[in-house]
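Me: I have a structure to get through and some questions about it. Can we take them one by one?

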Amino acid sequence: MRLSLAALGTLAMTVAATPADLPPADKLPSAAEFPDVLTMRDGTKVATKKDWEEKRRPELKELFQHYMYGRFPARPEKVTAKILFEDPKALGGKGTLREVELTFGPPEWPKIYLLVATPNGKAPAACFVGPNFGGNHLLAADERVRIPTAWVPDRYPGVVKNRATAEGRGKQSDTWPLRQVVDAGYAVATFYCGDVQPDRPNVQEGMRATLPAVKGLPIPDETATIMWWAWGCHRAVDFLVTDTRIDPKRLAVAGHSRLGKTALLAGAFDDRIAVVIPHQSGCGGAGPSRSKNPKAETVKRITTSFPHWFCANFSAFGDDVTKIPFDQHGLVAICAPRPVLMTNAEEDQWANPPGQFDVLTAAAPAYKLYGDAHPVADKVPAEGKLSDARLGYFIRAGKHAMTPDDWKVYVQFADKWLK
Ligand code: GTR
């Protein structure tokens, strides 16, 4: 297979030069509060949908790439799908389970293995899509489900010396409860995030290894891990929009924690995604960088613990978040007018549930440009009660986890916005 033009485009975009009007962190003006989502960096106010779409939204997308997540890689020219197996009587006979191998570059590039569960007789169904933490085999006991060969963190079931084994089969089926989602009438598609980019720094592997080595030249806005995972979601979408069992207009991206940050970024950078569900995503996702919650993770902490999740430029803001020329409400606003649901847990203050509600509220002006006069609840809804406004919010009792009950809430929100 030849290296396609689009593949070369990916590489070219990833090493784009620093634009002159994007100064280093210490040269940026300070703002103690969230920068107004409808004010351009030059101070111009945005009052129309047209100006939002033509000026401010592209400006925000550029800022998020340059200062936080790294360059958004180009779309590959072609994504090839090969069905590895298909079980039409899966999930108690109510669904069809498939695993699909997605190839999108030269043969040495990583592939994505998408586990797809669809309800029988209900095609085309709305579909949840998103990355998982430890491999598809953790989600389904079926022996045909592939075990990842890429590096896997040791904390997942059955992992020995960072390699996944058959011991893990089905051991995390509660995190992506395929049968429950299919029973609710939805399709669900997920892939191992580490197939796109393993979750560790300083190793040339995954999609990062496809970048040209620029000797001695650090690239401050090189595509970072969360951006690569988001890009992986987009490749999954490339397949889903061609699948006759799935309704291409009714896709919801979901993810937990670091993969919730990914879900929000994936939604912001791909308009084919109709609903965006970052679950307990916190700092670097739906949680604000300018946090007022002393229990929440900070930019300093996250860029120290997980430097590879963000591009090198973002670390410069650790000591002074007031220099960040945006906050996470800008990422939500890029999704407008598409519904975004932030889901949280009381005991998970690290993910900053109250800060996330502030982010939602601050994104609302962009949604109002599309004619929704009340896109967000006036106050944080009571524990266990979903606010299904276009900018939705939910907080339950309990801890940091993605559970079958959380999925009931995603379905409830999807029932409102994707039916
Ligand atoms: C934590 C990290 C959070 C969150 C979480 C997770 O260690 O501080 O930002 O992403 O990991 O992904 O489970």
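Me: Which backbone oxygen does the side chain of T210 reach?
Reply: This is a predicted model. T210 sits in the loop between α4 and α5. From there its side chain reaches out to 2.6 Å from a backbone oxygen. That oxygen belongs to M207.

Me: Is T210 buried or exposed?
Reply: Buried means under 20% relative accessible area. T210 has 13% relative accessibility. T210 therefore counts as buried.

Me: What about S315: buried, partly exposed or exposed?
Reply: S315 is found in helix α8. Its relative accessible area is 37%. The partly exposed class lies between under 20% and over 50%. So S315 is partly exposed.

Me: How far apart in space are S315 and D348?
Reply: In sequence, 33 residues separate S315 and D348. In space, the distance is taken from C-alpha to C-alpha. It comes to 24 Å.

Me: Which residues surround the ligand?
Reply: Some of them make close polar approaches. An oxygen atom of the ligand is 2.8 Å from a side-chain N or O atom of S257. For R258, the corresponding distance is 2.5 Å, and a polar side-chain atom of E297 also lies 2.5 Å from a ligand oxygen. The full set is S257, R258, K261, E297, I302, F306, W309, W350 and H400.

Me: How many residues of helix α6 are buried?
Reply: Helix α6 covers residues 258–268. Its buried residues include R258 and K261, and both of these also help surround the ligand. The helix is mostly covered, and the buried count is 11 of its 11 residues.

Me: Where does helix α2 bend?
Reply: Helix α2 has 21 residues, yet its end C-alpha atoms are only 26 Å apart. A straight helix would reach 30 Å at 1.5 Å a residue. The helix bends by about 35°, and the proline P58 follows within four residues of the bend. The bend is at R56.

Me: Which residue follows α2?
Reply: The residue after α2 has a positive phi, near 85°. It is G70.

Me: Why is strand β9 described as largely enclosed?
Reply: Side chains in a regular strand alternate between the two faces of the sheet. On one side of β9, L391, Y393 and I395 are buried; on the other, G392, F394 and R396 are buried too. Both faces are covered. The strand is largely enclosed because its buried count is 6 of the 6 residues.

Me: In which sense do β8 and β9 pair, and what is the hand of the crossover?
Reply: The two strands pair over 6 bridges, in the parallel sense. One bridge joins T343 to F394 in β9. The chain crosses from β8 through helix α10 to β9. This β-α-β crossover is right-handed.

Me: Which peptide bond is cis?
Reply: Most peptide bonds are trans. Here, one bond has omega near 5°. Its second residue, P337, is found in the loop between α9 and β8. The cis bond runs from A336 to P337.

Me: What is the phi of Q280, and what is the phi of N352?
Reply: Most residues other than glycine have a negative phi. Q280, in the loop between β7 and α7, is buried at 1% relative accessible area. N352, in the loop between β8 and α10, is buried at 2%. Phi is positive in both: near 45° for Q280, and about 60° for N352.

Notes:
Residues are numbered from 1 along each chain as its sequence is written. This is a predicted model: local features need pLDDT of at least 70, side-chain atom pairs count only at pLDDT 80 or more; totals for chains, interfaces and linings use all residues. Side-chain values use heavy atoms; hydrogens and water are left out. Buried means under 20% relative accessible area, exposed over 50%, partly exposed in between (1.4 Å probe, protein chains only). Two strands pair if DSSP finds at least two bridges between them. A crossover is right-handed if, with the strands pointing away from the viewer, the path from the first strand over the helix to the second runs clockwise. The expected span of a helix is 1.5 Å times one less than its number of residues. The bend at a residue is the angle between axes fitted to the seven residues ending there and the seven starting there. A residue is near a molecule or strand if one of its heavy atoms lies within 4 Å of it. A polar contact is a pair of N or O atoms within 3.5 Å; within protein, one must be able to donate a hydrogen and the other to accept it, and residues adjacent in sequence count only if both atoms are side-chain atoms.
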